[in-house]
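Student: I should like a close look at one part of this model, followed by an account of the spaces in it. Could you take me through them in order?

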Amino acid sequence: MPAPEKPDPAAVKAQLLKVYPPKLARKRSEQIVINTVGQDEAVPEIKANVRTTPGIITQRGCTYAGCKGVVLGPTRDIVNITHGPIGCGFYSWLTRRNQTRPPTSEDDNFMPYCFSTDMQDEQIIFGGEKKLRAAIQEAFDLFHPKAIAVFATCPVGLIGDDVHAVTRDMKEKLGINVFGFSCEGYRGVSQSAGHHIANNGLFKHVIGRNDEGPAGRFKVGMLGEYNIGGDAFVIEDLLTRCGITLVSTFSGNSTIDAFEWAHTADLNCVMCHRSINYVADMLEKRFGIPWIKVNFVGVSATAKALRKIATYFGDADLASRVEAVIAEEMPAVLAAQAEVRARCEGKTAMLFVGGSRAHHYQELFAEIGMKTVAAGYEFAHRDDYEGRKVLPDITIDADSRNIEELKVGPDETRYAPRRTAEELLKLDANGLEVRGYRGMMPEMPPETLVVDDISHWETEELIRVYKPAVFCAGIKEKYAVQKMGVPCKQLHSYDYGGPYAGFKGAINFYHDIDEMVGAKAWSYLRPPWETSAQPTLEAEFVRK
Ligand code: CFM
């Protein structure tokens, strides 16, 4: 049956909720919102960052994944040891295609290795600290790294191994930086808690240890850019051509040194607000570095980000170099847009990804005339949906309170506000939106559906109703979506594609999406349960 021209979102929402028991339906009802944008970008309230109800098939990951896999994983010269069963280490190892590029083959690069204590029953019963100590020693003897980080998995928390005591001892013994994270998978409602724990750990153990950062007139830090599919390489190239010095990136293509001198930047640019806003805030409070939200996904967003940096530094030469770089890049972009738009215009997309990409990638789709009809984050908070203006209204529940909130004040000797309060106000008036993030919903058209922590049932139902031309999600959803005849673009790993950031990345994205939405293959696909009269798989209850 062809999809109706424009499904009624209220009816769709009711349809999604009707299978749930009343209590769950009430909860999900607050997490599924029909968007409206009123005066001053007022959007409806959405419930977010709450526990997934057991029994629901969620797309979320765990706290350990957010800490080890997401924030620390992309750094090449820290030996990251997973203290836990081997699966935790293995499945958080390079699956999102975070790339790195050491300057020479002599430089440390541990990313091709997966380090784990490979906990066995014996450690679960008698404790794993001894094995962890031995693993740290072994890693040190083999690789002589500058730093070793240890990540606790669920069983570690359950049996009570103290990763901090072990890392403290080993730091003293080995004379290098060794630090641990209590990022057991169950510690928060999703990987978001892991981001926060990672941010805190970096701030306590790494940032600020070295005052000798790179020299430059326009020194920025990039926060929340993880070099998926080579995105950071594109951004680095743009900044270099503009004459902007990238002091450190958290954490795509990064090093421990760059983390240690992160406080020498004069401006921080936040890409993924969800995963790293804590570091941005702490760097400002302790060292006086202001931060702005940027987005290098999408052509106009990229140009805007570069211009914002130029505005901040207020230097005419820098501004003209930025304009020159944009002008160099635009002809190829416009040509690609024109070519692809002819085929993609008016087609629809749905994006259910993480905590920032469901927002950022809407820009790229809009640039080739595609409409986002529904979108949502897996684990973002209300501020990522509704904008940071709602921060004071967010209720802190027991799950969030479980995560340490560092109290950070000015550094006694190194606090140096890069701009005065008046200067910041002026920059704000010039469109810089210092410390601001407007969130996803104000930029989505009215009548679109916003769904937090989408369930598998809801995913399938939305696809049935809207029949989008492309569905953006991750590996867990990919094949179920494609079996429904809809192409699925992985926005976590980019499948085998990318980079998608900056101008060159946008061109890659336009072409990849053009190929996907134009491919007839999906419409020919018939899953076995539709083509066979016989059930393809039968099961019966073993226990009656
Ligand atoms: Fe930030 Fe990310 Fe994302 Fe994220 Fe992630 Fe990721 Fe993501 Mo996958 S840090 S919130 S925890 S932009 S791994 S690089 S793609 S879910 S939208």
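**A helix and its buried side**

Tutor: In this predicted model, helix 1 spans residues 9-17, and its buried residues are Pro 9, Val 12, Lys 13, Leu 16 and Leu 17. These residues lie on the same side of helix 1, because they cover an arc of only 130 degrees around the axis. The partners of this buried set come from several elements: the buried residues of helix 1 pack against helix 2 (22-31) and strand 1 (32-34), and also against strand 12 (449-451) and helix 19 (456-466).

From this helix we may turn to the spaces. The second largest pocket holds about 940 Å³ of space. Its lining is made up of 37 residues, and those closest to the centre of the pocket are Asn 49, His 381, Ile 394, Ile 396 and Ser 400. At least two lining residues are supplied by each of helix 9 (191-205), helix 12 (273-287), helix 16 (382-386) and helix 17 (398-401). Helix 12 gives the most to this lining, with six residues. By character, the lining of the second largest pocket divides into 14 charged, 13 nonpolar and 10 polar residues.

The ligand has its own surroundings. Around the ligand there are 14 residues, of which Arg 96, His 195, Cys 272, Ser 356 and His 492 come nearest. This shell around the ligand comprises six nonpolar, six polar and two charged residues.

Methods
Residues are numbered from 1 along each chain as its sequence is written. This is a predicted model: local features need pLDDT of at least 70, side-chain atom pairs count only at pLDDT 80 or more; totals for chains, interfaces and linings use all residues. Side-chain values use heavy atoms; hydrogens and water are left out. A residue is near a molecule or strand if one of its heavy atoms lies within 4 Å of it. Ala, Val, Leu, Ile, Met, Phe, Trp, Tyr, Cys and Pro count as nonpolar, Asp, Glu, Lys and Arg as charged, and the others, Gly among them, as polar. Buried means under 20% relative accessible area, exposed over 50%, partly exposed in between (1.4 Å probe, protein chains only). Helices (H or I, at least four residues) and strands (E, at least two) are DSSP runs, numbered from the N terminus. The arc is that of the directions from the helix axis to the C-beta atoms. Contact means heavy atoms within 4.5 Å. On a 1 Å grid over the protein atoms alone, a cavity is a set of points where a 1.4 Å probe fits but cannot get out, and a pocket is an open set with protein on both sides within 12 Å along at least five of seven lines; lining residues have an atom within 4 Å of a point. Grid points are joined across faces, edges and corners, and a volume is the space filled by probe spheres set on the points.
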